[in-house]
Amino acid sequence: MKKFDLLVTGVGGQGVILASNIIGEVALAAGYDVKKTDTLGMAQRGGSVVSHVRLGRGVYSPLIKADEVDIMVAFEKLEAARWSHYLRLGAVAIVNNHAQFPLSVNLEDERYPDDGEIVGILRRSTERIYLIDGTSRVEALGNPRTLNVFLLGCASVFLPLKIRVWQDIISQRVPPGVQKLNITAFNRGRKEMRRVYLRQGAAEYGARVVDTEDVRGGGRA
Amino acid sequence: MAKMIKLLSGNEALALGAYHAGVEVAAAYPGTPSTEILESIARFDDIYAEWSTNEKVAVEVALGASYAGARSLVSMKHVGLNVASDPFIAASTTGVGAGMVVVAADDPGMHSSQNEQDSRHYARLAKVPVLEPGDSQEAYELMAHAFDISERFDTPVLVRMTTRLSHSKSVVKTDRERAVPGRAVGFQRDVAKYVMVPAYARLRHPVMEERLVGLAAFAETLPLNQVLWGDRSLGVVSSGVAYQYSREVLPRASFLKLGMVYPLPENLIRYFAVQVDRLVVIEELDPFLEESIRAMGISVVGKECIPRVGELNPDIIEDGLRRIGLLNEVVSSPGPGVAPGLPKRPPLLCPGCPHAGFFFVISRLGKRSRAPKSRGKAASESGLVITGDIGCYTLGAYPPLNAMDTCACMGASIGQALGMVKAGTSQRVVAVIGDSTFLHSGITPLVDAVYNGGQLTVVILDNGTTAMTGHQHHPGTGISAQGKETRAVKLEDVVRGVGVSDVRVVSAFNIRDIRAALRSSLDSSGLSVIIVRGPCAVRAPRHAQPRVIDAEKCNQCQLCLLIGCPAIRWESKRIYIDPASCVGDACTICEQICPRQAIAPQFEVGVVAPA
C-alpha cells in the first residue's frame, strides 16, 4: 500500500475542508488508514485554510512534515506559495489559477506576488506544477460553488482510488439536489487535469506517448 | 450490532463515546477547539444538551445532574476551565453522584485563544485524575473509562484535549451501542458529602488524598497506560498528540504511552525507565510529566530539546532531538523553508458585519483610523480609551479600525473600564462587549458599575448569536442547543433590571444614530449603556443591490477604506467594491459615510467606476 500525504489549501469559504474530508472518506472506503487535520476557527473570516490529509497503512501524526507532501491542491495561488515548503522534491502541485487579495493588499500595504514569483516559489520544490483554471471553468458550468469537487477531480488523477467511490462519496457529502452538478464538476476536473498533464507532459517528455497508467505517479515509491 | 467504521474528529469521537457510555446531561459554553463536542452530542434526542450561560454554570448544571444520578458531561476550552474552576474544584471536594466528566480543550499555538495554557495542572490543583487521548479512536474509548473511574473513585474526571486532537479526523471503529447504567434518578441526601461547611469539608480533604493514592495504584494496570517495546537505547514517555508525532519521528524507539497523566503510575514508569538506556519525555507546553518523573529520582530529558511554547509538530521534535544527539540519522539537506514576504491573511470582519459601522464611528471619534496616505504620522489621541472583550468584534482592534485597546478574558471589558475610571484617568473610557459575552460574564461587572458608580459608557454589540465559535445560540436568541424554541433573555431588560437608566438601543446599520448615541453618552456624566443591534452577516446573507462607486463623484479620499470592509478595495489608484462580496441593502455603511455621496446601488449611478 502506497502512502500519500496531501495538502489542501485555500481561503476560508472556498470549500477546502469539505474537499479534504471527501478525500479522507474515499481513502477510508478503499481500505486506507486515514488521518486528517484542519486549521480552522477564524478561517471563515477570510483567513488561510490548510488541511493535511494522510493516507497509508498505519498513520501516526496527523500533521505532515515539511518537505513530505506528495500532492498539494491549492484553491488559491498565494496559499499555494505560502505552503509550498511542505512539498517534497518532485511533488505534484495542482494550483487553481485564482487570486483572492488579502485586505493588506486591498489597502496597498502589501503586494500580491505575480504568477512568475508564485511559480518560482513552487519550483524550489518541484517542476510538476499544474495551473488549472478551476474558478473560470466552474463559473462556466454555472455553479461556482462546485470548485472544490472540480479540484478533487484534478487530484483524483494522481490517486489510485476508484472513480465510482469518489462519485458516491461526493454524492453523499454535498447538499441534496446538487449531486448531479457536483459529479459533473468532478468529472470535468478530472478531464481538465488529464488535458493539462498530457500537454505539459508532452512538453516535458518530448515525443514520448503518455499512457493513462503513467498519469498516476503521486505517491512515494 | 453492525460494526461502525467512520472518520471522526476528536470532538465527534468524544461525543459518541459519551453517548455510548450512557451520558444523559451535557452542558457547555462554546469555545474553540471544544465547541463541536456539545454540537455533536446535542444531535441525540435522548440526551439533554444545553448551551449554558457560561462554563461555571455548565459545571454546576452537570454537577447537579450527577448528584441526581444522571451521568453528565461538560466541555469547554482551556480558559473556560479557568471560569469554571470554582465549581470544578468543589466537585472534586464533594465527589459526584453518577459519573461526571469534564472535557477541557487546550489550544497550543493559540490558533484562537487569548493565551496558551497547560490545563493538566488543574488535575493536580483539584486532585482529580486527568485522561489524555492520542487520536479519535482513543477519545471514543476513553469516555467509558472516564465514567467508570468517576463512579468508582467518586471524583469528577478531567479529559484533556488539544486543538490538533479536537480538529483532526481519524478512524473510529466500534460495535458498541448506547448503554445507560440502570439506576434510580433522584437526589439522595447526604449532608456530610454535599454541604461543604468547614465541619464537613474538613472530612473531605483526607478522602481526596486517599482517593489520589487509590487512583495512582489503579493507574499501574490501567490499559490506557501502555508500554510498547522497541529499541531499548531510547525510551520515550509521551501522551496525547505528542505521542503520535514522536512515533513518526522515532519509529524504532520504545514508548511508554500514558493515557492517564495524573496521577502517574510510578512503578510502571520506573519499570520502563530502568530498561532503556536514555529516557526522554516528549510533551507539548509545560514539563508536567517531566517534573513529576524527575521528582521520582529518575534521570530524564525533556524541555532541553522540546519547546514549552507553541504547538508541536514532527519537524520541531526532530530538530530538538537532533540538537541534543538523540537522533542518529543522516540529515538530508533541509528544504527551502517558508517563502518570505508573502502577504498575510489575518481574520477580518465580514462584509456586512454589524460591528463595522460602530467601530468606524468610534475609530473616527477617537482619531484612531489613519487614511492610508497619511501612514507613518502618529494618530492624535483624543483622550478616548476603548476596553474590549472576546468575540468577532475583537477584530476591531486591527487596522484600519484600531478601535480596541484591551482584551484580556471574557467579560473583562466592563470591569477594566470601571477600574480605569476609579484610578482617576481623565480619559473617557468606553467598554465594548458582545451579546453572548455580556450574558456570559458582563452582567456582574455592570452591577459593580451601578453599585460603585462611575462615568462610563458600555456598548453591547448585539448580533444575535455567538458568532466567532460558529454561530451558536445563547440565552438571548431564544433557541436552545437542541433547536427548541425557549424564552429569550432580553438584553435591555437585564440592563435596566440591574439599575441602568441611561439605555439606548440603535441599529448597527444606522451611522447617524450610532454617532448620536455615542456622543450623547460620552457627554453624559454617569453610567450609560448603548445596545448596537444588527444581525450577523454570515447568518443572514442577503445580497440585494451591491454598492458601486460613482466615478463622477468619487475623489479617492479613501475614507471608505477605513471601514475595513473586505469588499472595498483600492485597485489601480481607484476605489472598487467587489459585487460578489458586498451585501448591499443589508448594510449600506459605506454609502452612509461617503462625504461625496459617491456610493450607491448600481441603478442610481450614472458612470460606474471600472474594476
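How many residues of chain A are in contact with chain B, and how many of chain B with chain A? Keep that in mind as you open the viewer, and remember that this is a predicted model.

**Stop 1: where the chains meet**

Show both chains and look at the place where they touch: 45 residues of chain A are in contact with 38 residues of chain B. Now select α1 (16-29), β2 (33-38), α2 (77-82) and α3 (103-106) in chain A, since each of these supplies at least two residues to the side that touches chain B. The top contributor is β2(A), with 6 residues. Try colouring that side of chain A by residue type: you should get 19 nonpolar, 14 polar and 12 charged residues.

Stay with β2(A) and add residues 168-174 of chain B, which form strand β8. The two strands pair across the chains in the antiparallel sense, over 3 bridges. To find your place in this pairing, pick Lys36(A), which stands opposite Lys169(B) in β8(B).

**Stop 2: chain A by itself**

Hide chain B for a moment. Chain A has 8 helices and 6 strands, and if you walk along the sequence you meet them in the pattern β-α-β-β-β-α-β-α-α-β-α-α-α-α. Of its 221 residues, 56% count as buried. Take the contacts in chain A with a separation of 6 or more: 67% of them are between residues 24 or more positions apart.

**Stop 3: a covered strand in chain B**

Bring chain B back and select residues 72-77, strand β4. Is this strand covered or open? It is mostly covered, with 6 of its 6 residues buried. In a regular strand, side chains alternate between the two faces of the sheet. Check each face of β4(B) in turn: Ser72(B), Val74(B) and Met76(B) lie on one side, Leu73(B), Ser75(B) and Lys77(B) on the other, and all are buried.

Next, add the partners of β4(B). Strand β2 of chain B, residues 25-28, runs parallel to β4(B) and is joined to it by 4 bridges. Strand β5 of chain B, residues 100-106, also pairs with β4(B) in the parallel sense, over 6 bridges. Ser72(B) is a handy landmark for both pairings: Val25(B) stands opposite Ser72(B), and Ser72(B) stands opposite Met100(B) in β5(B).

**Stop 4: two helices side by side**

Select residues 55-67 and 78-94 of chain B, helices α3 and α4. Their axes come within 7 Å and cross at roughly 30 degrees, so α3(B) and α4(B) are roughly parallel to each other. The crossing is right-handed. Show side chains where the helices touch: from α3(B), the residues include Glu55(B), Ala58(B), Val59(B) and Leu63(B), and from α4(B) they include Gly80(B), Val83(B), Pro87(B) and Phe88(B). Overall, the residues of this contact divide into 8 nonpolar, 1 polar and 4 charged.

**Stop 5: a five-stranded sheet**

Finish further along chain B, at an open sheet of 5 strands in the order β14-β15-β16-β18-β17, with parallel pairing. Which strands stand at the edges? Select β14 (384-387) and β17 (502-507): each has a single partner strand, so one side of each is left without a neighbour in the sheet. On average, neighbouring strands here are turned by 20 degrees against each other, direction ignored. For a last close-up, add β15(B), residues 428-434, which runs parallel to β14(B) and is joined to it by 4 bridges. Thr387(B) stands opposite Ala431(B) in β15(B).

Key
Residues are numbered from 1 along each chain as its sequence is written. Chains are lettered from A and ligands numbered from 1 in the order in which they are written. This is a predicted model: local features need pLDDT of at least 70, side-chain atom pairs count only at pLDDT 80 or more; totals for chains, interfaces and linings use all residues. Two residues are in contact if their C-beta atoms, placed from the backbone, lie within 7 Å. Ala, Val, Leu, Ile, Met, Phe, Trp, Tyr, Cys and Pro count as nonpolar, Asp, Glu, Lys and Arg as charged, and the others, Gly among them, as polar. Two strands pair if DSSP finds at least two bridges between them. Axes are lines fitted to C-alpha atoms, for helices over the stretch in contact, and angles run from 0 to 180 degrees between N-to-C directions. Angles under 35 degrees count as roughly parallel, over 145 as roughly antiparallel, 65 to 115 as roughly perpendicular and the rest as oblique. A crossing is left-handed if the near helix is turned anticlockwise from the far one by less than a right angle, and right-handed if clockwise. A residue is buried if 20 or more other C-beta atoms lie within 10 Å of its own, exposed if 12 or fewer, and partly exposed in between; C-beta atoms are placed from the backbone.
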